Structure formats: structure tokens, C-alpha cells
Amino acid sequence: MADRDKGPRKVTSFDVARVAGVSRAAVSRAFTPDASVSPKTREKVFEAAKELGYRVNYLARSLTNKRSDLVGVVAAGLDNPFRTLQIEHLARMLLARNFRPILLPTSPEADTSTVIGQLLHYAVSGVIVTSDAPPTEICEQCAAEGVPIVLINKGNDIPFVDRIISDDRMAGHLAATHLIDSGVRKPGVMAAPAISYTARRRSEAFIARCKQLGVEAQFLQVRINDYRSGYDAAAELAASGIDGLFCANDYMACGVVDRVMQGRSRDDAPPLSIIGHDDIPQASWTAYDLTTIRQPCDLQAEQTVNLLMSRMAEPDLTARVEFTPVTLIKRRTA
């Protein structure tokens, strides 16, 4: 009776080795990515593990190896659909490379020391920091601890910290050129440059390209690059005379579209041309049909994880920067 109260005995690697007819070391190698083991042995181990219901205890393995299979993903602005899409692609790519993502939500006002503590306590193998998350202290502390880091769309230049940056200068160039070629004579750009490196770069590139084309662009500054900021700021567009607007991201552009289309039929021509950035799923919805600059999350995730893994293999490499290409997606709004 006492044995039944304890429940079924946990299956161990020794059990798998016995059923598969191999050594325990062979079982360990079979479940270790890139380890030296024959296909026949791996197949026998996997079949035995499936039969017995065996699961690898990755946390226990991390204690033995002094390094976990976890990669910290630090992100803010999770209300933005683009951030959700970005994290999904990063998570899928990490899982495909046999790492386990651990999400640490934060904000520009967050206590950075708490995030650092969580990352180091979990003995993460690496860290990915997305845009709008506070990176400097996190990166410096983790780098000092020898934890590989990759930043996405961040401007901080930190030794031994790699960066993936969307081609924001091309984005501003494409948006300005398309609007002016479409007949826009009073272009504007809406962004919150103080808190966003990408918004600042996109705005600067847009204004510079307009100037090259002989047109003066207006800058509409908002507090945050979100839906509410776009919706609220759109109330002033009519008075500004702007007839073509580039928004720093689609999330904000959707707010603009909703405000300017109030009281109008969906089939009416929009009162001004609008271009967003990111190509979030909502951009293609009929309600928006938003012309935008696509920032490919799948490619960006692949670039990020490739850099992270190479940094794990060679920690002393000089800091590297790679750019993610962008493309113009034409829809109804411009």
C-alpha cells in the first residue's frame, strides 16, 4: 500500500539504456544536439524513451553543465502586434536550435536590476533584447558575466554585444519617395523619437529624402509609438495641411486611419495618404488595407539566433552589426 501511495517510479536514463541495450552515456549523447552518436543508436534510444515515457530533465542537465538551454528574450511594448509577431518568430527559431526561450517583459521605466537578476539566476545561455526595452545596464552586466547578447533594433554600441537592425534609412527613403511620387506635396512623419531608436532613424531618413526631392516635411512628435498616440494626434492633421503621412509603425498608423476615417464610408478615398511600418497582420485587414514597409520577422529572427550562436561559440569576437532588408507593400492608403 505504501508503494502505491508514492505513485509510479520516475523513469530514468538508466531505464532507457537498459531497454535500448546501450550505455547511459549513449542515452545522454542521443539527447544532446550535435553529439557524436550513430543514427542506429539514436533511433534505439528514442524508441526506448517513447516506450517508457522518458523525458529529459533539461534543468537538471543545466546544473551539471553549469549552463542551461534557456535564452532570455527581454521585450517591452507587448501590446504592439509587431512585438508579438517578433517574439513568436524568435521563440520558434530558438526551439528549432534546441534552446528554450524565456520571456522577460519589461518597460522603459522598469527596474533593470530585477531583469538582470532573473537572467543570471536562470543561468541563461544567451540574451536577446528587443527594441523599446531598456538595454544598456542589462547588456553591460550580462557581458561582464560572459553571457552572449544580441540586440534587435537598438542603437547602443557595446563591446562584444551584437546587433540586428532593420534598414530604417531605406524605410524612410521608400516611404518619402512613394508619397511624393504619388502626388503628395505636404508630407509629414509621426514618431516618438525620444524613446525609440528606430523611430528616430526612420523619421530622419524620411525628412532627408523629402528634402532631396525638394519638399519640406513636417515632423509630428508623439509620446509613444502606439495606437492611442496615433489616434489622438490625427485630430490635428487637418489643420496642419499634411496630405501624406509616414508613421513610425503600423500600430500607430492604425490609430491614425481610424481617426481620419470617422464619419466616412469605408469605400471613400482617404483624406490623406498614409504609410506605416512593420506589416503587422492587421495592416492587411480590409478595415485598414494599409500601405506599409515590411520588416520581415522570420528573417530577423534567423539573423538574431545565428549571431547569438556564433557569439556562444566565439565569445571574444568584436561586436557585429547586421541589417534586415525592408520592402514597400502597396495597399489602399497610399
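A polar contact is a pair of N or O atoms within 3.5 Å, of which, within protein, one must be able to donate a hydrogen and the other to accept it. The legends below describe close-up views of a predicted model.

**View 1. N249 caps the N-terminal end of helix α13.** A side-chain oxygen of N249 lies 3.3 Å from the backbone nitrogen of Y251. The helix that begins here spans residues 250-260 and is mostly covered, with nine of its eleven residues buried. The buried residues are D250, Y251, M252, A253, C254, G255, V256, V257 and V260.

**View 2. Helix α13 contributes to the largest nonpolar core of the model.** This core has 28 residues, and those with the most contacts inside it are M190, L237, V256, V260 and I274. Strands β6 (187-191) and β8 (244-247), together with α13, each supply at least two residues of the core, and α13 gives the most, with six residues. When residues up to four places away in sequence are not counted, V256 touches M190, G230, Y231, A234, L237, L245, C247 and I274. A second, separate core, which lies outside this view, has 18 residues and includes I102, L104, V129 and I138.

**View 3. Strand β8 pairs in the parallel sense with β6 and with β9.** The pairing of β6 and β8 runs over four bridges, and V189 has F246 in β8 as its bridge partner. The pairing of β8 with strand β9 (residues 273-278) runs over three bridges, and here the bridge partner of G244 is S273 in β9. In a regular strand the side chains alternate between the two faces of the sheet. In β8 both faces are covered, since G244 and F246 on one side and L245 and C247 on the other are all buried.

**View 4. Y227 and Y231 form a stacked aromatic pair.** A search of the whole structure finds two aromatic pairs. In the pair shown here, the ring centres of Y227 and Y231 are 6.2 Å apart and the ring planes stand at 20°, so the pair counts as stacked, the cut-off for that class being planes under 30 degrees apart. Both residues lie in helix α11 (residues 227-233), four residues apart, which is about one turn of the helix. Y227 counts as partly exposed because its relative accessibility is 24%, whereas Y231, at 18% relative accessibility, counts as buried; the boundary applied is that buried means under 20% relative accessible area. Y231 is also among the residues that V256 touches.

Key:
Residues numbered from 1 in each chain as written. Predicted model: local features only at pLDDT ≥ 70, side-chain atom pairs only at ≥ 80, totals over all residues. Heavy atoms only, no water. Buried < 20%, exposed > 50% of the residue type's maximum accessible area, 1.4 Å probe, protein only. Core = buried A, V, L, I, M, F, W, Y, C linked by side-chain atoms within 4.5 Å. Contact = heavy atoms within 4.5 Å. Phe/Tyr/Trp six-rings, centres within 6.5 Å; stacked < 30°, edge-to-face > 60°. Pairing = 2+ DSSP bridges.
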